[in-house]
Amino acid sequence: MTSESWLGLAILVVSGGTSWLFSLHGRLSRHEAACEQRQRNLDERHSAISRVLDTINNKLDRLMEHNN
């Protein structure tokens, strides 16, 4: 093979690798965004559950105060 052939092959490999890396970066970015959305959803559910539990706890405290 000539040096030009080797250079052509190297450019082909590098451009293919670059394309693959950009593709991987895109997939990872979408995965990260999906994970962040799931975490926000979990945080919202946790907050809602905490509010409900606080409400129940306050009602139980008032009932206990009423019975004493």
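## Starting point: Asn58

Let's begin with Asn58, which sits in helix H1. How exposed is Asn58? Its relative accessible area is 39%, which makes Asn58 partly exposed, because that label covers values between 20% and 50%. Keep in mind that what you're looking at is a predicted model.

Now pick out His25 as a partner for Asn58. In sequence the two are 33 residues apart, and in space their C-alpha atoms lie 49 Å from each other.

## One helix

What does the secondary structure come to? The count is 1 helix and 0 strands. With a radius of gyration of 29 Å, against the 11 Å that the globule rule gives for 68 residues, the protein is more spread out than a compact globule.

The C-alpha trace tells you about its extent too: along the principal axes it spans about 95 × 10 × 5 Å. As for the helix itself, H1 takes in residues 3-67.

## More stops along H1

Glu36 is another residue of helix H1. It counts as partly exposed, with a relative accessibility of 40%. Go 14 residues along the sequence from Glu36 and you can reach Ser50; C-alpha to C-alpha, that pair is 21 Å apart.

Asn67 belongs to H1 as well. Is Asn67 buried or exposed? Its relative accessibility is 64%, so Asn67 counts as exposed, the cut-off for that being over 50%. Between Asn67 and Leu21 there are 68 Å from C-alpha to C-alpha, for a separation of 46 residues along the chain.

## What the surface looks like

How much of this protein is buried? Just 1% of the 68 residues count as buried, a label that needs a relative accessible area under 20%. The protein exposes about 6,300 Å², and 63% of that comes from carbon and sulfur atoms.

There's also a nonpolar patch to look for on the surface. Its members are Ile49, Val52, Leu53, Ile56, Leu60 and Leu63, and together they have about 560 Å² of accessible area. One of them, Leu63, is placed in helix H1.

## Charges

Finally, the charges. The protein has 8 positive and 8 negative ones. Take the mean position of each set, and the two points turn out to be 7 Å apart.

Conventions. Residues numbered from 1 in each chain as written. Predicted model: local features only at pLDDT ≥ 70, side-chain atom pairs only at ≥ 80, totals over all residues. Heavy atoms only, no water. Patch = residues over 30% accessible without salt bridge, like charges linked within 9 Å, V, L, I, M, F, W, Y side chains within 5 Å. Areas by Shrake-Rupley, 256 points an atom, 1.4 Å probe, with all protein chains shown as cover. Salt bridge = Lys/Arg side-chain N within 4 Å of Asp/Glu carboxyl O. Helix = DSSP H or I, 4+ residues; strand = E, 2+ residues; numbered from the N terminus. Rg over C-alpha atoms; globule rule 2.2 N^0.38 Å. Buried < 20%, exposed > 50% of the residue type's maximum accessible area, 1.4 Å probe, protein only. Lys, Arg positive; Asp, Glu negative; His and termini not counted. Charge placed at Lys NZ, Arg CZ, Asp CG, Glu CD.
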